[in-house]
Amino acid sequence: MVQEYYSHPLLRKNSLVFRQYQQDIVKKTLYKNSLVVIPTSLGKTIIALLICLDVLLHWKNSKILILAPTRPLVFQHFNLFKKHTPLASQCIALTGKIAPEIRKVLWASSGIRLYFATPELVNNDINNNFLKRNEFYLIVYDEAQRAVKDYSYTRISSHFYENAEQNDPPLVLGLSASPGSTEDKIKEICVNLFIEQIISRSERDHDVFPYVYDTNVECYNVTLDRYHLEISELLTSMIHDNINWLIKNKLLKKKRADGVYKKDLLSLREYITSHLDPKNTNLFLITALKYQSLSMILLYCRDLIESQGAFALRRFLDNSRENSAKSYNHLFLDTRLQKIESILNENANQNEPKLMKLLLIVEKFLKSELNDVIDHNYASPESDQNNNAINSSLRETSIIKESISPIAHKKVLIFSQYRDTLEEITTFLEENGIKCSGFYGQSSRNGIKGLSQDKQLSILDDFREGKFPVLVATSVAEEGLNIPNVDLVVFYEPVPSEIRFIQRKGRTGRFANGKVVILVSDDSIDTKYLEASKRKLSKMRSSLQNANFSLAHYKKRSFDNFERMIDSDISTLYTNSEEFLYHGKGKGYDKSNFDVAIASDNPIFEHISSNSNKKIKNLVKRLSYNYPKSKTSEHANSSITTKNLEDLYEVSLSLDRKKIVQRVQRQILVLLGEAGRAGLEISSLEEQIYNDGLIVKEAIDNLKKMKRVVLLNKNTLALTESTKFIPGNKYFMFIEKVMIGKAVVRVNDKWYASLDHHDYFGPRSLLKKGNSLEVIGEMYKRAGVLHLIVKKIL
């Protein structure tokens, strides 16, 4: 079954060069569920590609599912297969942007054999019965260390292996650079993914060693300023007071407060909450929960001042004043915290020690030769000059004022634990002449919008092309992403996880010798985290080499009877692939006119209605490409058959109507919100919305089912909430300003109040600057700020 991969029929000629250890690993994985553990940058994805090709070649009707935890990583795998194999017409990357109805058609397509997706999407589609599990011959779990607890990988693998005796479970391939530091953690992953063998390689193995570049890791100590230490001492005093109460009341078994760690406090919280009875108030446990919460908050504050900087603590305290939790109210009553805030304000214009050291390292690196990255006389890892000396050195060399023109090929990647710190780093470096960009996740936090997938990929492309030399990233850049090889990786703070340490370190030393610098604040949480990661890393290597647990064997589909693709099948693939890439016109692939070219030969695209949703139209356009040499619309190896196209067409039309109905529903809610308790006649709604009466009727019926609207009489409709009695006071509200998550309003022309998003229960469309509304609501104070709850719009 195993091919000679240099001449594999499903690989483009001379597209890849394979290493002997990769081929050796592939031979061992073809009949057993395997977890492949291999250091970052040594070709895990290539191993997966080779195994996939063997399965596709030997079982011509087989399907493969390749899972990755993030969308950019999904597309990274997808593009690798398209680039190095003739399988472009049989590959598809599924994302949540593709409507479930269309995904259902795609899962059922007989022409698609390689599916790339995130585990969350696949888990949802499994729950909707979109997947036929007996069609899949192989499932690849990238970043397999995530397969713990209730992560989607665990649920997906259970789905494919439940009732294994009656089904044909697929072969499993897990890929990871760092599965965990303990045997228990590694065994959990193996059990959850139904793994039968572990195949591991280390950088020291004789067959891997020739391909490993040196990565020099150095720790640079940072001496904190006097005022940082003063704040740390005040926080330690507050921490000890709270923890000592817990010790004194025998809730913690430790004798000294400085022997209590976060894990002890988290365990205590579980104990307290499990013993709280909502029907019987227990003041002792409620008080204990207060001291536990305060201890956790204060430990976090101390970590911020020591490991991140004063700016991080200042921002946290500012945001905490808006928090209504009782723990935070108690926190701000402590005179020591008031003193801390005073110290922070007095030193607001002081430069942060870590940021100063970071600037020195990056500036020196970008201006030095690669073989002399850091001038040790300038910033020695063994000893650190005090900040006055650093400031003096900066002034003498005019680094702060000087604009940097970095050597184009030098790249620096800075890792930061928190997005707030990332913003501070990028601002600081930009102000000091170093061009850089931030790279973080897609979720929005604290009113700051996340980066879209397209924006993430654009930033990586710009970094790869050398448009800026420094990328500052959160943990989203640690795992798997095809970030360009960098010459220097900087940890702004150590991480206590061996998995994250390996992933961060693996961003450099890929194609040349690399360097890692870890910034460590003296006598702080940084020191403990650094030691923890080193200890766990050593333990992981030992666990992989000396694992003494046995792995079970599982019933899988039989791989004995080949249904091998014949030469004509493979030839057709190559022909279709060339047409896919060059469109049969002898021209190179041109992304700018690719869609236009496809549309001109698309047998379905012209028949989709002109009001069809643009995204659906574009999707069908890309998926229904009919190759010019095909005499019929159903080509032997086309990714979408005629039946698939008809299904997609019907689905697109129904989705168009569904979206139109949803838009009309929103319009009805806005109009009824403005009309208030009196409501509106249905005929008036139809006139104002300017749409098909049947669409309006369907929208109204949907809103009735959702209990959002009620009929006041046969012809008049009103919002359900406007017809109910809601306790509260009547206020006149004028909207002064609208911000992310809240608005500033003037109430009865007397008071200014904050209107938070969770306190507003009216139509969102009415929240516009300058609007005047009569409302039913209540007013309350929190942290000295007046707030308004809007329960109903009159």
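Start by selecting F75 and F78, which are 3 residues apart in helix 3 (residues 71–84) and therefore separated by about one helical turn. Helices (H or I, at least four residues) and strands (E, at least two) are DSSP runs, numbered from the N terminus. The model is predicted, so local features need pLDDT of at least 70 and side-chain atom pairs count only at pLDDT 80 or more, while totals for chains, interfaces and linings use all residues. Residues are numbered from 1 along each chain as its sequence is written, and side-chain values use heavy atoms, with hydrogens and water left out.

Colour F75 and F78 by accessibility. Buried means under 20% relative accessible area, exposed over 50%, and partly exposed in between (1.4 Å probe, protein chains only). F75 is partly exposed, because its relative accessibility is 21%. F78, at 11%, is buried. Ring pairs join both of them with F81 and F116 in a cluster.

**The whole chain**

Zoom out. The chain has 26 helices and 21 strands. Of its 794 residues, 53% are buried. Contact means heavy atoms within 4.5 Å. Among contacts with a separation of 6 or more, 73% are between residues 24 or more positions apart.

**Aromatic rings**

Rings of Phe, Tyr and Trp (its six-membered ring) pair if their centres lie within 6.5 Å; planes under 30 degrees apart count as stacked, over 60 as edge-to-face and the rest as tilted. The chain has 23 aromatic pairs by this rule. Select W59 and Y137: their ring centres are 6.1 Å apart and their planes are at 35°, so this pair is tilted. W59 is in the loop between helix 2 (44–58) and strand 2 (63–67), and Y137 is in strand 5 (residues 136–141), so the pair links parts of the chain 78 residues apart. Both W59 and Y137 are buried. Back in helix 3, the pair of F75 and F78 is edge-to-face, at 6.2 Å centre to centre with 80° between the planes.

Now look for arginines above rings. A charge sits over a ring if NZ of Lys or CZ of Arg is within 6 Å of the ring centre and within 35 degrees of the ring normal. R557 lies over the face of Y137, at 3.9 Å from the ring centre. For R504, the ring is that of F491, and the distance to the ring centre is 5.1 Å.

**Two packed helices**

Next, show helix 10 (residues 283–308) and helix 11 (residues 310–320), which pack at an angle of about 145° with their axes 6 Å apart. Axes are lines fitted to C-alpha atoms, for helices over the stretch in contact, and angles run from 0 to 180 degrees between N-to-C directions. On the helix 10 side, select I297, Y300, C301, L304, I305 and Q308; they meet A310, F311, A312, L313, F316 and L317 of helix 11. This contact has 11 nonpolar residues, 1 polar and no charged. Ala, Val, Leu, Ile, Met, Phe, Trp, Tyr, Cys and Pro count as nonpolar, Asp, Glu, Lys and Arg as charged, and the others, Gly among them, as polar.

**Nonpolar cores**

A nonpolar core is a set of buried Ala, Val, Leu, Ile, Met, Phe, Trp, Tyr and Cys residues joined through side-chain atoms within 4.5 Å. The largest has 131 residues, and W107, V122, L313, I340, I414 and V470 touch the most other members. Helix 10 gives the most to this core, with 11 residues. Apart from the largest core lies another, of 48 residues, including I38, L57, L171 and F559.

Centre on W107. Not counting residues up to four places away in sequence, the residues that W107 touches include K63, L94, Y115, L121, D125 and F136.

**Single residues to finish**

Select P100 in helix 4 (residues 100–108). P100 is partly exposed, at 36% relative accessibility.

Then compare two backbone angles. Most residues other than glycine have a negative phi. E143, in the loop between strand 5 and helix 6 (152–161), has a positive phi near 55°. K250, in the loop between helix 8 (226–248) and helix 9 (262–275), has a positive phi of about 60°. E143 is buried, at 7% relative accessibility, whereas K250 is exposed, at 73%.

The last stop is Q665 in helix 23 (residues 642–675). Q665 is buried, with a relative accessible area of 11%. Which residues is Q665 in contact with, leaving aside its neighbours within four places in sequence? They are A699, N702, L703 and M706. The C-alpha atoms of Q665 and N702 are 8.0 Å apart, although 37 residues separate the two in sequence.
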